[in-house]
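Dear colleague,

I am handing over the structure we spoke about, with the sequence alongside. Please open it first, and then read on for what was found.

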Amino acid sequence: MNHGPTAVHGDTGVGRLTGPGPVLMGILNVTPDSFSDGGDFLAVDTAIAQAGKMLDEGAQVIDVGGESTRPGSDPVSPEEELRRVIPVVRGILEARPEAIVSIDTYRASTAEAALDAGALVVNDVTALRGDLRMADLIADRGCRIVLMHMLGEPKTMQQDPRYEDVVREVRDFLASRAERAIRAGVQEENIILDPGIGFGKTLQHNLQLLNGLGDLVKLGFPVLVGASRKGFLGKLTGTKGSNGTRDRLFGTVATSVIAYERGARLFRVHDVRANKEALEVAAAVQRA
Ligand code: HH2
């Protein structure tokens, strides 16, 4: 088993992330307050079992997060974040050494501990702005980095977000963050871009971003989309109610297929099987 940096470019490491087909990233929130699955996977063994289920269903990557970034959420302490995520990263890789673990954090200290525990991807929703040590860490370790667009910060980002041209502004922002990463020594092939669906965006902004994803793809980096069960789907389909976030599966699957058509290759989802099957069909049609 090799989960060190040398695995990154090898056949068994995250090299697999850049193939032509869709890559499923299963969401594992080890938090009491995530908008959809908060509190479900707080116990380490439950979290590891959920990771195993998502891997069985076809996820290649498990994205472990210890702090909710839902609109209005508060940050947790670095110690609490570490306490939540590290045993889970270790546990997943003990049980399933073939898994690629991604750590959803903007803190370099948490990312470093997770990389030490075998994670191979850092998913930074602040695109290296949250912790100025993050860029150097990613460059030193040679791991993958997801750079996501967010307007403002989770506490306030949904209070009247405005853009002149959301697609252009998100694309330009991500292009400049990718440049920043490269200047710090991050290798181009380790960069993944994400428009940040729901992060400081209205319903219309989210729809325009999904529709205009091709512009982002043209930058030449793999594009990840995280629309799973998000609020804009509820606004469109009326899936609110007590079980609302879980009812957004059909809408989520539609976003995955559309995003794939427009060139996205990584999909951060709660419901792996449904998205995987839909994407298999979309990929087969494209190949035909
Ligand atoms: N969305 C969430 C968290 N992390 N990372 C990336 N790269 N892209 C996303 O769209 C994204 C993300 C928010 O969703 P979730 O993890 O389900 O909820 P919470 O932040 O409440 O834990």
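How much space lies in the largest pocket? The model is a predicted one, and in it the largest pocket holds about 540 Å³ of space. Of the 35 residues that line this pocket, Phe35, Arg70, Pro71, Phe199 and Lys230 are the closest to its centre. Strand S1 (23–29), helix H6 (203–211) and helix H8 (231–237) each contribute at least two residues to the lining, and H8 gives the most, with three residues. Divided by class, the lining of the largest pocket has 12 nonpolar, 14 polar and nine charged residues.

The second largest pocket has a volume of about 180 Å³, and of the 14 residues that line it, the closest to its centre are Glu67, Pro75, Tyr106, Glu153 and Pro154. Its lining divides into five nonpolar, five polar and four charged residues.

Turning to enclosed space, the structure holds one cavity of 30 Å³ or more, and the largest cavity contains about 40 Å³ of space. The residues that line this cavity are Glu67, Thr69, Glu81, Asp104, Thr105, Tyr106 and Val125, which by class are two nonpolar, two polar and three charged residues. Glu67 and Tyr106 thus appear in the lining of the cavity as well as among the residues closest to the centre of the second largest pocket.

The packing of two helices may also interest you. The axes of helix H1 (residues 44–56) and helix H2 (residues 78–95) come within 9 Å and cross at roughly 45°, an angle that makes H1 oblique to H2. The crossing in which H1 passes H2 is right-handed. On the H1 side the contact is made by Val44, Ala47, Ile48 and Ala51, and on the H2 side by Pro87, Val88, Gly91, Ile92 and Ala95. By class, this contact of H1 with H2 has eight nonpolar residues and one polar residue, with no charged residues.

Finally, a word on one loop residue: Glu188 lies between helix H5 (166–183) and strand S6 (191–194). If its neighbours within four places in sequence are left aside, Glu188 is in contact with Ile182 and Phe221. The C-alpha atoms of Glu188 and Arg144, which are 44 residues apart along the chain, are separated by 9.6 Å.

With best wishes

Notes. Residues are numbered from 1 along each chain as its sequence is written. This is a predicted model: local features need pLDDT of at least 70, side-chain atom pairs count only at pLDDT 80 or more; totals for chains, interfaces and linings use all residues. Side-chain values use heavy atoms; hydrogens and water are left out. On a 1 Å grid over the protein atoms alone, a cavity is a set of points where a 1.4 Å probe fits but cannot get out, and a pocket is an open set with protein on both sides within 12 Å along at least five of seven lines; lining residues have an atom within 4 Å of a point. Grid points are joined across faces, edges and corners, and a volume is the space filled by probe spheres set on the points. Ala, Val, Leu, Ile, Met, Phe, Trp, Tyr, Cys and Pro count as nonpolar, Asp, Glu, Lys and Arg as charged, and the others, Gly among them, as polar. Axes are lines fitted to C-alpha atoms, for helices over the stretch in contact, and angles run from 0 to 180 degrees between N-to-C directions. Helices (H or I, at least four residues) and strands (E, at least two) are DSSP runs, numbered from the N terminus. Angles under 35 degrees count as roughly parallel, over 145 as roughly antiparallel, 65 to 115 as roughly perpendicular and the rest as oblique. A crossing is left-handed if the near helix is turned anticlockwise from the far one by less than a right angle, and right-handed if clockwise. Contact means heavy atoms within 4.5 Å.
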